[in-house]
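Colleague: Before I use any of the labels attached to this model, I would like to hear how each was earned. Please go through them with me.

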Amino acid sequence: MDGVHYTSSLLEVSVSDPYVRVVNNTGLLVQRGKDSSLTTANLSVTTNQDVRTDHEVQFHIVQPAKRGSVLVNSSASGSFSMHDLKQGRVIYRHDGSGSFDMFNLTVRVKDTHLYVGVYMQVDSESHQHHTRILHSKTLVVEEGKPVKLSRERLQAVHEDLVPSEAVFIVRTPPVHGYLRRSLPDEGSAGAEEKFPLMFTQQDVDDGYIHYVQTMPDQQLDRFILDVMSGFQAVSRLEILVDVVPKQIPLAVQNFTVQEGGSKALPEDYFKIPGKHFEGLDCEFVLLKPPKHGYVENSHFPRVKLMKFTRKQVENELISYVHDGSEELLDSFTIFANSSELGKQNLPQTLFVTIESVNDEAPVITANKILQAWVNSGTEITRDELCAVDGDSPSQDLAYLVSPPSNGHLAFKSIPGRSIQNFTQAQIKEGQLVFVHTGAMSGGFNFQVTDGLNFAPRQILSITARALIISLEVNRGLSIFPGSVKPLSSHDLRAVTNDVDSAGNRTITFTVICSPRLGRLLCVSSDNSTEDVSVFTQNLVSEQLILYQHMDWENTGWTAEDSFTFTVSSPPAALGPEEFHITISYEINEPGRQSRLLANTGAVVKEGDKVLIDQSKLDASNLLLKLPKSQRSSYEIWFQVTSLPHHGTLMVGERNITKRKPNFSQYIINKFGVTYLHDDSESLADNFTFAIWPNEKGKSTMKPEADFLEEMFNITITPINDQAPELKTKGLRLQVLQGSRLVLGPENLKVEDLDSPPEEIRYVIIRDPNNGFLAMAHHPHIPVHRFTQADIDNSQVWFIQDGSPSSGAFYFSVTDGQHCPLYKLFHLDVIPISLVNLADLLLPQGQTSVTITSAHLSAVTNGRSPHITYKIRWPLQHGHLLTEDQAVVSFGQEDLNLGKLSYHMTNLTASEDQLQFSLFTSESKLTGQTLCIRVQPLLRVVSNLTVANRAAHQLTRKDLDATELANRTNSDPKFEVTEPPVHSRLVRRVGRDTALEGATLFTQWDMDQGLLMLEPHANLTGPNSLNDSFTFLLRADHVQPATACLPFTIVPPDPFLLQAFTPDVSFLVTDNLVTIGLSQEKPVVSSGPTTQTGTLGKLTQTRWPEAAPWGRQSGEEPTLDVTASPTRVIWSPDTTRASPGAPTQPRESSHPLMVITPLTVALFLLIVTVVASCVWLLGQKAEQAKPLIKPQINLEPPTAGPRPERSTTVPAVTVTPLLRSSGSPPVSLFRAPQCERMEKSPASEPAGRCAPWETWVNLDPDMVTLCRQTNPALKHNQYWV
């Protein structure tokens, strides 16, 4: 880029593995006992690595010369460089022995090396003696196996040379195999060298040279050697290789047999070529026998064979016998088996052609009554007349007929010429017709022959009937003026009573009176049209007959046209008939949305303008609604009722606005209306207008009625002036190792306001190094180009190649007009992932628990499936064991088999943590934690609901640790670690009414009814609120466990107390009323054993909001009662019960024993209360107050144990003497008057009042009259 112009290009870098290759290695020619210089003319290499100097190319001697030494700078050295070769510093010095020598080198360039052997020929007088090849024989090898080149097969002899100095050079290698040399001196057993270029006689003598045959189905191979012995050479020594086939080369031959005949199977049909199989006696086995015959031995006729021998074939004892069926082709499959050689061949199939014999007579399969048309030709088909012959084709089946009595037979091409014979093939081809004349019934005799055999003579009966044609549909046509519309079968359709041949019968319409306002056209095959007066029903059904309206002058707003026609289908005819055509501007045709002469819309480029002229908008046809005499005094006016959204309408220099929306047809015809686009990215626009005829010279106000409203559509041709914009923030995709994943728009999204997704093209500049991109329909073929539409349609996939490393690909994206965007997309590989990581729960009281794959499980798509877990930090309160051994690492197999367990050693802890990492041979996953928690031995109530500002007594049904107490023989303790947020947890102190905050309580406290939950939430309306408290459950000799009691706080029900008759036993004292609520569920019974102590029923009040613990918020148990709105509190005696001892309700006595005491007690209570009130009012008239404030707020019954009571205690309903309907409900919390009541040292501060402290808020003077203590009961006394 020069600051103004720029250009884009692509630099391609090809990457390949480093290599070192030999350029030449000619060897050395040295005089015996002399020196010879080794230069780059004899030995040189090349490499693709960055080599700056020749010193970086090093040669190291790994096997020194045996008959000489290599000198560098006149001294023995084990290495030299390319620089030494070029300078001539490397010399080979011969020691005078032998005539051949060699040494091996390793060429090293940086980290790449190559093994090279350098050969030396010694020049001496012995080269005058010729080398002789004593043995050169053909090699015989089994197909696919190796054979050794031994001394007996190949030997080169020279007088003065040892075998190691006779060298064989491979000039032409084998074609159907290769040479192999064993390398016993390499130090590794089984080492070998394929395709050696040379070897010595010593290698042959030692049995190191093998020929290995590889190409199947070959019988001959060869290779050519040059033999070097000193300075003597024997060129082009050819070694032939005779390959013995692995399978028997069986060649079979097809044959022909006459129908029902037999044929001997000679040796030529089962040839086994090759000298190795001459005289081989093998067995032929039939895998698939013939379907229409069998193979037999002539010595045992009619016995089907499944196998036979080669000698039996040579003796012509084996034959194929046909079964005489009419099938013309048969086959059977065999294979050859030699137990002597242990070889078989691939199965071969012999095909048998059957020469048919005409021994079957024709059979008539169809001879039905022919229904012919009067005085017309009727085709005879195979359904009416058909014959078949099993051994004769249809063209050989000839019919010989007598003349029909009511017509004649003819060919369809010449219906007037009578015929006397025809073939079944002509009937099949539809050439035969019957032409009716004369009587309505008749027929003819016929006989069918195949040339040799005859079918019995038969009669074909013929019945004629008249053809009737009728006009089924003649609805007429409706057309918009000036348009062209096709006629269809829904407009005009004629039918005949020839139902069977309806598709083959031609019905012709002939126009005898043409339409006067238009013309009829026919569409030809090249889509051209021409006038037509004769057409067929098929042309009408295919909508190829058109009506075109022509006469504009004589057509008003509505006009009528017609044409007269006749219909014929020989021999039937009908007519004349009239077809009516309605021409009107009121017609709504498909595809036409306008009733105007022209409302074509307009096309404009983005930001450009277009002229709307008469060819695009013409409403002059509205004048046709007026009488012809008035049309000249009216003109057409337009009013734009809805302006364009993305442009402006102009008449000349004036904009059409809401204030000036009118223009006339005259203005359109003379000047036109201009639409100017606002250059937005919109693709369409429109405006709506009203049209009406307006009298010239009068105001152009739009009438209230009699106007037409239409829309003018404008198509915007976009201009590509917006560059593509990348919408995806992070170009990154996470994929599991070895898997495939869709590259969707959420991963890669580019938008262009003026280009569709199909035109946004991506080009991959650099492929990902850990996989490739592919299309969904070809997931195995990498792609380098795709569009945003492919991404949006989930067609682009990333195929991960299984490598553990992450990668990226570099791409460009463009819309074809703007500069491309170049971005890098990252591909993160997740080689290992956890599928299970669940908390491990250790039951309270146990010290060990098994860890399985349900708690901890991982999967990997890497090459190594083995996953190892390693502990990062030691466990604080225990250790891991596998088969009673402590471990710090374990495998996924241990988890799957349940071998791993956790053992807790510190019984003062309630939880532990296992911090670990996961490893495979390719990747790792660190920073993982498995939480180990002690599971409390505790039953916690679900869906607990409490009423706001109403104390709830916690009982064993809410929290039950009885099982833990039984196992440890102790009283479990609850230590509150997280108190409730919107409630207070309190405990009653002893038998007194004082309360204190409870942070530590026992199971015995709950069994005694000492624990209360006081909600004080700020609720508005019917909403509910979730709350909870967390505690630590402790017991002797076991671990502590963390637990939680969740509950829902709901608003109090104002109708709760009005519908409550509690299950209670009442105690009447001098200063308070105590009611013991029964905790049992209501019992419904129809017998006389109904519980008299159970007077209420439990109901469910459902609050509208859902609680987060999975049930409707506020499903709070309430009591359906009808008792007085007195305040109900708990008596300490009634809440006391033995722990773990369930109580059962007792059955009441006879009903009279309840009713009589109840009536007396109620009467005495009313008298006492009334007398006390009258006396109090007399003493303090000015301070007279109601004794009881009506309160209906009542705490819900709890789930604790029901206290046992005497069956003689009657149930009493207490009604207050004084009640004010306007008094607010009394809360279960203490009112201000509670501050003036008696206090005990253990009571709470003033302002708080427990449910059992008082029943009502009494006047201070009334308190002095109340007894403060409970008097002792005498024998058979009880409280009411």
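## How the labels were earned

Modeller: The side chains of Ser755 and Asp752 are joined by a polar contact of 3.0 Å. Bear in mind throughout that the model is predicted.

Colleague: Why is the link between Ser755 and Asp752 called a polar contact?

Modeller: The cut-off for such a pair of N or O atoms is 3.5 Å. The side chains of Ser755 and Asp752 are joined at 3.0 Å, so the pair falls within the limit of 3.5 Å.

Colleague: Where is Ser755 found, and what makes it buried?

Modeller: Ser755 is in the loop between strand S69 (750-751) and strand S70 (761-766). Its relative accessible area is 8%, and buried means under 20%, so Ser755 is called buried. Setting aside neighbours within four places in sequence, Ser755 is in contact with Asn720, Ile760 and Asp815.

Colleague: Why is the pair of Tyr762 and Phe786 called stacked?

Modeller: Phe255 and Phe332 will serve beside it; the structure has 33 aromatic pairs in total. Phe255 and Phe332 form a tilted pair, with 6.5 Å centre to centre and 55° between the planes. Phe255 belongs to strand S24 (residues 255-258) and Phe332 to strand S31 (residues 329-338), 77 residues apart. Both Phe255 and Phe332 are buried. For Tyr762 and Phe786 the values are 5.2 Å centre to centre and 20° between the planes. Planes under 30 degrees apart count as stacked, so the angle of 20° gives Tyr762 and Phe786 that label. Tyr762 is in strand S70 and Phe786 in strand S73 (residues 785-787), 24 residues apart. Tyr762 and Phe786 are buried too.

Colleague: What makes the pair of Phe255 and Phe332 tilted?

Modeller: The angle between the planes of Phe255 and Phe332 is 55°. Stacked requires under 30 degrees and edge-to-face over 60, so 55° is left with the label tilted.

Colleague: Which residues form one aromatic cluster?

Modeller: Phe509, Phe535, Phe563, Phe565 and Phe579 form it.

Colleague: How do you know that Asp203 and Arg181 form a salt bridge?

Modeller: The side chains of Asp203 and Arg181 come to 3.6 Å, N to O. The limit is 4 Å, so the pair qualifies as a salt bridge. Asp203 is in helix H2 (residues 201-205) and Arg181 in strand S17 (residues 177-182), and the two are 22 residues apart. Asp203 and Arg181 are both buried. In total the structure holds 28 salt bridges.

Colleague: What makes Asp491 and Arg475 a salt bridge?

Modeller: Their side chains meet at 3.8 Å, N to O, and the limit of 4 Å is therefore satisfied. Asp491 is in the loop between strand S46 (484-486) and strand S47 (492-496), and Arg475 is in the loop between strand S44 (469-474) and strand S45 (477-479), so the salt bridge ties together parts 16 residues apart in sequence.

Colleague: Buried or exposed: which word applies to Asp491, and which to Arg475?

Modeller: Asp491 has a relative accessible area of 10%, which is under 20%, so Asp491 is buried. Arg475 stands at 64%; exposed means over 50%, so Arg475 counts as exposed.

Colleague: Why is Glu586 called partly exposed?

Modeller: Its relative accessible area is 32%. Buried is under 20% and exposed over 50%, so 32% falls in between. The side chains of Glu586 and Lys625 meet in a salt bridge at 3.9 Å, N to O. Lys625 is in the loop between strand S58 (617-618) and strand S59 (634-642), and Glu586 in the loop between strand S54 (572-584) and strand S55 (598-599), so the salt bridge ties together parts 39 residues apart in sequence. Glu586, Arg595 and Lys625 are linked in a network of salt bridges.

Colleague: How do you know that the charged end of Lys625 sits over the ring of Trp557?

Modeller: The charged end of Lys625 is 4.6 Å from the ring centre of Trp557. The distance limit is 6 Å, so 4.6 Å meets that part of the test.

Colleague: What makes S57 and strand S63 (residues 673-677) a pair?

Modeller: S57 and S63 pair in the antiparallel sense over 4 bridges. At least two bridges are required, so 4 is sufficient. In S63, Tyr675 is the bridge partner of Val610.

Note on methods:
Residues numbered from 1 in each chain as written. Predicted model: local features only at pLDDT ≥ 70, side-chain atom pairs only at ≥ 80, totals over all residues. Heavy atoms only, no water. Buried < 20%, exposed > 50% of the residue type's maximum accessible area, 1.4 Å probe, protein only. Polar contact = N/O pair within 3.5 Å; in protein donor to acceptor, adjacent residues only side chain to side chain. Contact = heavy atoms within 4.5 Å. Phe/Tyr/Trp six-rings, centres within 6.5 Å; stacked < 30°, edge-to-face > 60°. Lys NZ or Arg CZ within 6 Å of the ring centre and 35° of its normal.
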